[in-house]
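Trainee: Got a few minutes to walk me through this one? I'd like to pick out some odd spots and then talk about the ligand.

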Amino acid sequence: MFNLILFGPPGSGKGTQSENIIAAFGLKHLSTGNLLRSEITQQTPLGLEAKNFMDQGQLVPDAVVIGMVGNFIDANPGATGFLFDGFPRTAAQCVALDALLKEKSSEINIVLALEVAEEELVKRLLGRGATSGRSDDTNETVIRARIQEYHDKTAAVEKYYAQFDKVVSIQGEGTVESIYDDLKKEIDARI
Ligand code: B4P
């Protein structure tokens, strides 16, 4: 299996670039944000719990997200690899992911970290909020809270994988195509 984490702050292009990568490399796309939004739409108990956190720009509790990811991996036994988009977002989620992959005799091969300046992130998310109807993208206070959560809890993910030399930084500003070319080069060199 080839397993990739697409890492970066909210609005850095993870969801956008994931579409191109899964199409080119045949990886299973695991977006915890999309899974959580689908639970909210279906008004499941998990979705109702998650919504309170997401509407305030906070991370959903680790146990909820880790359980959901474990179910997704188990539901895809034939996968040749996974693209993890928006997961892991805390050090505890990193440890849990390593354990889940170890059960499948697998591991994370590379972490591609998109680098984007904060004001550009806010601009992009407000832009998406104007058309997407995503409630966490329409309020600048909530967007800034998400970026603060990223600094407080999610930046640790990059440190965690750096100790195993798995992190490659990618300039996340520019055209979607030029950023994809840079991501593709790094994947081609390892897959
Ligand atoms: P996510 O759904 O993961 O969303 P995100 O980080 O906000 O956005 P993403 O990075 O995918 O968006 P993109 O840049 O592609 O998370 C939402 C919430 O779910 C979190 O706040 C949290 O509450 C919860 N959650 C999710 N995972 C969790 C976890 N593991 N643990 C706990 N809680 C979790 O797109 C942004 C915009 O930028 C788009 O409009 C796009 O068109 C634009 N854009 C992209 N690339 C561009 C470029 N190169 N130039 C200009 N614009 C660009």
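**Loops first, then the ligand**

Mentor: Start with Phe164, which is placed in the loop between H7 and strand E5 (167-171). Helices here are DSSP runs of H or I with at least four residues, strands are runs of E with at least two, and both are numbered from the N terminus.

Trainee: Before we go on, what kind of model is this?

Mentor: A predicted one: local features need pLDDT of at least 70, side-chain atom pairs count only at pLDDT 80 or more, and totals for chains, interfaces and linings use all residues. Residues are numbered from 1 along each chain as its sequence is written, and side-chain values use heavy atoms, with hydrogens and water left out.

Trainee: OK. Is Phe164 buried or exposed, or partly exposed?

Mentor: Phe164 is partly exposed, because its relative accessible area is 42%. Buried is under 20%, exposed is over 50%, and partly exposed is in between, with a 1.4 Å probe and protein chains only.

Trainee: How far is Phe164 from Ile110 in space?

Mentor: C-alpha to C-alpha, Phe164 and Ile110 are 9.9 Å apart, with their positions 54 residues apart in sequence.

Trainee: What about phi at Asp165?

Mentor: Asp165 has a positive phi of about 60 degrees, and it isn't a glycine. Asp165 lies in the loop between H7 and E5, and it counts as exposed because its relative accessibility is 74%.

Trainee: Which other residue has a positive phi without being glycine?

Mentor: Gln43, with phi near 55 degrees. You'll find Gln43 in the loop between H2 and helix H3 (45-55). At 61% relative accessible area, Gln43 is exposed.

Trainee: And the peptide bond from Phe87 to Pro88, cis or trans?

Mentor: The Phe87 to Pro88 bond is cis, with omega near -5 degrees. Pro88 is in the loop between strand E3 (82-85) and helix H5 (91-103).

Trainee: Back to H7. Why does Thr154 count as buried?

Mentor: Thr154 counts as buried because its relative accessibility is 4%. Thr154 is in helix H7 (residues 140-162), and its side chain reaches the backbone oxygen of Arg89 at 2.8 Å.

Trainee: Now the ligand. Which residues come nearest to it?

Mentor: Of the 30 residues around the ligand, Gly11, Gly13, Thr32, Gln58 and Arg146 come nearest. A residue is in that shell if one of its heavy atoms lies within 4 Å of the ligand.

Trainee: Which helix gives the most to the shell?

Mentor: H2, with four residues. Helix H1 (14-25), helix H2 (32-41), helix H6 (118-132) and helix H8 (176-188) each supply at least two.

Trainee: What polar contact does Thr32 make?

Mentor: An N or O atom in the Thr32 side chain is 2.7 Å from a ligand nitrogen. A polar contact is a pair of N or O atoms within 3.5 Å; within protein, one must be able to donate a hydrogen and the other to accept it, and residues adjacent in sequence count only if both atoms are side-chain atoms. A polar side-chain atom of Gln93 also lies 3.0 Å from a nitrogen of the ligand, and a polar backbone atom of Gly15 is 3.1 Å from a ligand oxygen.

Trainee: Last one: is Lys185 buried or exposed?

Mentor: Lys185 is exposed, at 56% relative accessible area. Lys185 is in helix H8.
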